Amino acid sequence: MKTYDSEDRYIKDLDDGKREIALSTDDIHVSYGTHEAIHGVSLAFERFKITALIGASGSGKSTYLRSLNRMNDNIAGTKVTGKIMYRGLDVNSNEVDVYEMRKHIGMVFQQPNPFAKSIYDNITFALQRHGEKRKDVLDETVETTLKQAGLWEQVKDDLHQSALALSGGQAQRLCIARAIAMKPDILLLDEPAAVLDPISTATLEETLMELKERYTIIIVTHNMQQAGRISDYTAFFHLGNALEYDETRKIFTRPKIQATEDYVSGHFG
Ligand SMILES: Nc1ncnc2c1ncn2[C@@H]1O[C@H](COP(=O)(O)OP(=O)(O)OP(=O)(O)O)[C@@H](O)[C@H]1O
């Protein structure tokens, strides 16, 4: 593999007072045991925009994404240092109630993972656990979130059927509906279209474009066309560093770093 100088980087400073920042990280390092996978990543994410994280396999995109709502806490031996600022709070501090924080910073995974429950119960499960019992509120949440996720028309007559009977694309949109039922500010998506066919992927992309009116979205994708189509900003990861971060159209037309240019043009490695 060609080597690139990790000191050679361009990170656009979005936190310059001109934009509303939903979330930012300052010098994030993540280690699995003695192996450091992320070497100090500082990025700011603009509110109501889609930011794509791109880079070769193993470059650290998922590790970084998972740190944003402390999902790495679930992996034994993982250490995360640095600040993750959300509404003036450091998400990475010990004082944060992780369960509460994840209501604001939700996540959708690569593999759709509906619970073995009805469509209705998948969406209302967490709300009910948080004490919501009013049937009208639960019904309304189911309808609104399924509409926002672009699934309502297909399932409105089957709400009490098992979610396990849904297709992969439908199940992934159900997982998005389930994530937004908690009314998060930020949605983290880890390659949500990886197991979907092209038609389901196109539908999912339309859904994300609509969702960004209400949510700040950070998405890991291997699909360059997808990053180009849906994202406003793109961060290019290489060997655990964010080497370039800029508006997507600049990353794809006039990248400032050679590694980015090689990656987006398919001449990488
Ligand atoms: N649970 C884990 N335990 C130990 N090492 C891990 C773990 N998850 C990831 N890593 C290591 O961290 C580094 C970054 O991996 P990560 O999955 O974040 O990269 P990625 O860019 O998301 O890759 P991909 O595109 O293949 O998903 C790799 O060296 C990987 O082997």
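**Notebook: helix packing and the ligand shell**

I looked up how α6 and α7 cross, and the crossing is right-handed (clockwise turn of the near helix from the far one by less than a right angle; anticlockwise would be left-handed). I note that this is a predicted model, in which local features need pLDDT of at least 70, side-chain atom pairs count only at pLDDT 80 or more, and totals for chains, interfaces and linings use all residues. Residues are numbered from 1 along each chain as its sequence is written.

I then took the angle: α6 and helix α7 (residues 198-211) pack at about 20°, with axes 9 Å apart. Axes are lines fitted to C-alpha atoms, for helices over the stretch in contact, and angles run from 0 to 180 degrees between N-to-C directions. The two helices are therefore roughly parallel to each other (angles under 35 degrees). Helices are DSSP runs of H or I with at least four residues, strands are runs of E with at least two, and both are numbered from the N terminus.

I listed the residues that meet, meaning C-beta atoms, placed from the backbone, within 7 Å. Gly-168, Gly-169, Gln-172, Arg-173 and Ile-176 in α6 meet Ser-200, Thr-203, Leu-204 and Thr-207 in α7. By class this contact has 2 nonpolar, 6 polar and 1 charged residues. Ala, Val, Leu, Ile, Met, Phe, Trp, Tyr, Cys and Pro count as nonpolar, Asp, Glu, Lys and Arg as charged, and the others, Gly among them, as polar.

Next I checked α3 (residues 119-129) against α6 (residues 168-180): their axes come within 8 Å and cross at roughly 30°. I recorded a right-handed crossing here. Ile-119, Asn-122 and Ile-123 in α3 meet Leu-174, Ala-177 and Arg-178 in α6. I sorted this contact into 4 nonpolar, 1 polar and 1 charged residues.

Last, I looked around the ligand, where a residue is near if its C-beta atom, placed from the backbone, lies within 6 Å. The residues there include Tyr-32, Ala-37, Lys-61 and Ile-75. Helix α1 (residues 61-67) gives the largest share of the shell, 3 residues. I counted 3 nonpolar, 7 polar and 1 charged residues in the shell.

Key
Two residues are in contact if their C-beta atoms, placed from the backbone, lie within 7 Å. Angles under 35 degrees count as roughly parallel, over 145 as roughly antiparallel, 65 to 115 as roughly perpendicular and the rest as oblique.
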